[in-house]
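Q: I have a new model on my screen and would like to learn how to read it. Could you walk me through it, one feature at a time?

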Amino acid sequence: MSADALSRHIDARSFQAPGPQQLQPRQLSAHAPRILMLYGSLRERSYSRLLTQEAARLLEGMGAEVRIYDPDGLPQPDTVPEDHPKVAELRALVRWCEGMVWTSPERHGAMTGIMKTQVDWIPLSDGAVRPTQGKTLAVMQVSGGSQSFNAVNQLRILGRWMRLLTIPNQSSVAKAYQEFDDEGRMKPSPFYDRVVDVMEELLKFTLLTRDLAPYLVDRYSERKEERAKMHAQTLASL
């Protein structure tokens with residue numbers, strides 16, 4: 001396409017060609033990667049919680065700072081104000097983190113309602129801040145029967161909708177009731193090894209992208225829209 005043809009469709013002042021120089025962070029963060037973990041079951045012996053706790057131990061062993069949100073007491077969306085303590089706690093943790101892990105049981109071929117409720121309480125934007133955009137995400141699920149991927153597939157769709165950088169790897173633990181001992185620790189198995197793989201990959205992607213997130217999510221359409229708003233404000237002030 002010639003430059004003339006391109007210019008008929010492109011706002012030249014908003015157009016930027018990506019290059020390797022923009023992918024060099026000006027300053028590297030010195031603090032430990034901050035990971036928030038959500039799970040989707042309120043059962044007393046919740047395998048999604050046990051899997052989350054096992055993954056948290058791995059992340060902490062790799063040097064991350066981890067916080068696990070307890071969904072017990074979280075109301076349904078639109079039933080309480082946004083300053084409800086459980087909602088405010090969840091949103092504060094989302095703002096704090098640089099990456100997340102979502103773990104849901106598969107129930108009736110889908111993620112659980114409490115898992116979806118947690119995501120539904122997370123806003124796409126909070127004033128001028130987009131609390132999830134550009135952060136990393138790993139997805140996992142537990143099943144009572146044979147291995148399935150319905151829940152993780154749905155979690156991936158949600159992650160994309162929330163503008164999260166969802167890593168390629170994932171974990172699906174079949175017959176989860178067989179994979180944990182009486183103390184709630186995960187037994188050695190290929191399922192456990194995959195969890196290690198997923199947490200390792202999540203930390204790699206978090207370290208790779210957290211200092212570049214503002215550039216990675218900078219979009220032509222939004223630069224163009226912002227320039228148009230500024231132009232309109234300038235005209236209105238004349």
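A: Gladly! Let us start with a term: a residue is called buried when its relative accessible area is under 20%, and exposed when that area is over 50%. Please keep in mind that this is a predicted model.

Q: With that in hand, which residues of helix α4 are buried?
A: Helix α4 spans residues 113–121, and its buried residues are Ile114, Met115, Thr117, Gln118, Val119 and Trp121. The cover over these residues includes β1 (34–39), α3, β3 (99–105) and α5 (150–161).

Q: How many helices and strands does the chain have?
A: There are 8 helices and 6 strands. Read from the N terminus, the order is α-β-α-β-α-β-α-β-α-β-β-α-α-α. Of the 238 residues in the chain, 43% are buried. Among contacts with a separation of 6 or more, 78% join residues 24 or more positions apart. The C-alpha atoms fill a box of roughly 70 × 40 × 35 Å along the principal axes.

Q: How should I read a pair of aromatic rings?
A: Two quantities describe such a pair: the distance of the centres and the angle of the planes. In this model, a search of the whole structure finds 1 aromatic pair. Its members are Tyr47 and Phe180, with 5.8 Å centre to centre and 35 degrees between the planes, a tilted arrangement. Tyr47 belongs to helix α2 (residues 47–61) and Phe180 to the loop between β6 (171–173) and α6 (190–209), so the pair ties together parts 133 residues apart in sequence. Phe180 has a relative accessible area of 3%, so this residue counts as buried.

Q: What lies over the face of Trp96?
A: That is Arg67, at 4.1 Å from the ring centre.

Q: Now for charges. How many salt bridges does a search of the whole structure find?
A: The search finds 14. Try Arg210 and Glu98, whose side chains meet at 3.0 Å, N to O. Arg210 sits in the loop between α6 and α7 (213–216) and Glu98 in the loop between α3 and β3, so this bridge ties together parts 112 residues apart in sequence. Both residues are buried.

Q: Where are the partners of the salt bridge between Arg130 and Glu222?
A: Arg130 is in the loop between α4 and β4 (136–142), while Glu222 is in helix α8 (residues 220–237), 92 residues away. Their side chains meet at 2.8 Å, N to O. Arg130 is partly exposed at 35% relative accessibility, and Glu222 is also partly exposed, at 24%. A network of salt bridges links these two residues with Arg163 and Arg219.

Q: What about a bridge inside one helix, such as Glu200 with Lys204?
A: Here the closest N and O atoms are 3.7 Å apart. The two residues are 4 apart in helix α6, so about one helical turn separates them. Glu200 is partly exposed, with a relative accessible area of 37%, whereas Lys204 is exposed at 52%.

Q: One last residue: is Lys86 buried or exposed?
A: Lys86 has 15% relative accessibility, and the cut-off is 20%, so Lys86 counts as buried. This lysine is part of helix α3 (residues 85–96). A polar atom of its side chain lies 2.6 Å from the backbone oxygen of Asp70. Leaving aside residues up to four places away in sequence, Lys86 touches Tyr69, Asp70, Asp72, Gly73, Leu74 and Pro75.

Methods: Residues are numbered from 1 along each chain as its sequence is written. This is a predicted model: local features need pLDDT of at least 70, side-chain atom pairs count only at pLDDT 80 or more; totals for chains, interfaces and linings use all residues. Side-chain values use heavy atoms; hydrogens and water are left out. Buried means under 20% relative accessible area, exposed over 50%, partly exposed in between (1.4 Å probe, protein chains only). A polar contact is a pair of N or O atoms within 3.5 Å; within protein, one must be able to donate a hydrogen and the other to accept it, and residues adjacent in sequence count only if both atoms are side-chain atoms. Contact means heavy atoms within 4.5 Å. Rings of Phe, Tyr and Trp (its six-membered ring) pair if their centres lie within 6.5 Å; planes under 30 degrees apart count as stacked, over 60 as edge-to-face and the rest as tilted. A charge sits over a ring if NZ of Lys or CZ of Arg is within 6 Å of the ring centre and within 35 degrees of the ring normal. A salt bridge is a side-chain nitrogen of Lys or Arg within 4 Å of a carboxyl oxygen of Asp or Glu.
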